[in-house]
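Reader: I would like to learn how to read a model one feature at a time. Please show me.

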Amino acid sequence: MRKGYDKHNNPNQEKTSFEERLKNFKEVDAWSKKGIQEREDFYKIYGRGWWWFNDVPFVNKYKNSWIEQFRITGSD
């Protein structure tokens, strides 16, 4: 089971309000050392090409890439 979800994959009810949780939110600058490290950690887990398999539009210059043979589209 994922953290924060019940056995039916529904999000758990929060005990605090959104405003209270927002007070504790800390934004990380994407180009700070910490932000860069967070991205690198993400890449180690999911890889750098996660968008290829998540139905995210891509730049046309990649349309003939070798990886496109594995893309599943609605028209297939």
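Reader: Let me start with one residue. Is Asn-9 buried, partly exposed or exposed?

Author: First, a caution: this is a predicted model. Now the residue. Asn-9 counts as partly exposed, because its relative accessibility is 48% and the partly exposed class ends at 50%. Asn-9 sits in the segment before α1.

Reader: What is the sign of phi at Asn-9?

Author: Start with the general idea. Most residues other than glycine have a negative phi. Here, Asn-9 is not a glycine, yet its phi is positive, about 65 degrees. Compare a glycine. Gly-47 follows α2, and its phi is positive too, near 85 degrees.

Reader: How many helices and strands does the protein chain have?

Author: The protein chain has 2 helices and 0 strands. Helix α1 covers residues 18-23. Helix α2 covers residues 33-46, which is 14 residues.

Reader: What does the span of α2 come to, and what is expected?

Author: Take the first and last C-alpha. In α2 they are 20 Å apart, close to the 20 Å expected at 1.5 Å a residue.

Reader: Next, contacts. Which residues does Arg-21 touch, leaving aside neighbours within four places in sequence?

Author: Arg-21 is in contact with Glu-14 and Thr-16. Arg-21 itself lies in helix α1. Its relative accessible area is 32%, so it is partly exposed.

Reader: And over the chain, what share of contacts joins residues 24 or more positions apart?

Author: The share is 0%, counted among contacts with a separation of 6 or more. Burial can be read alongside. Of the 76 residues in the protein chain, 7% count as buried.

Reader: What about the surface? How much area does the protein chain expose?

Author: About 7,700 Å², with carbon and sulfur atoms supplying 54% of it. Look also for a nonpolar patch. Phe-18, Leu-22 and Phe-25 make one of about 360 Å².

Reader: Where is Phe-25, and why does it count as exposed?

Author: Phe-25 is in the loop between α1 and α2. It counts as exposed because its relative accessibility is 57%, and the exposed class means over 50%.

Reader: Last topic: aromatic rings. How many aromatic pairs does a search of the whole structure find?

Author: A pair of aromatic rings is described by the distance of the centres and the angle of the planes. The search of the whole structure finds 1 aromatic pair. Phe-42 and Tyr-43 have ring centres 6.2 Å apart and planes at 75 degrees, so the pair is edge-to-face.

Reader: Are Phe-42 and Tyr-43 buried, partly exposed or exposed?

Author: Phe-42 counts as partly exposed at 33% relative accessibility. Tyr-43 is partly exposed as well, with a relative accessible area of 23%.

Conventions:
Residues numbered from 1 in each chain as written. Predicted model: local features only at pLDDT ≥ 70, side-chain atom pairs only at ≥ 80, totals over all residues. Heavy atoms only, no water. Helix = DSSP H or I, 4+ residues; strand = E, 2+ residues; numbered from the N terminus. Buried < 20%, exposed > 50% of the residue type's maximum accessible area, 1.4 Å probe, protein only. Contact = heavy atoms within 4.5 Å. Areas by Shrake-Rupley, 256 points an atom, 1.4 Å probe, with all protein chains shown as cover. Expected span 1.5 Å × (residues − 1). Patch = residues over 30% accessible without salt bridge, like charges linked within 9 Å, V, L, I, M, F, W, Y side chains within 5 Å. Salt bridge = Lys/Arg side-chain N within 4 Å of Asp/Glu carboxyl O. Phe/Tyr/Trp six-rings, centres within 6.5 Å; stacked < 30°, edge-to-face > 60°.
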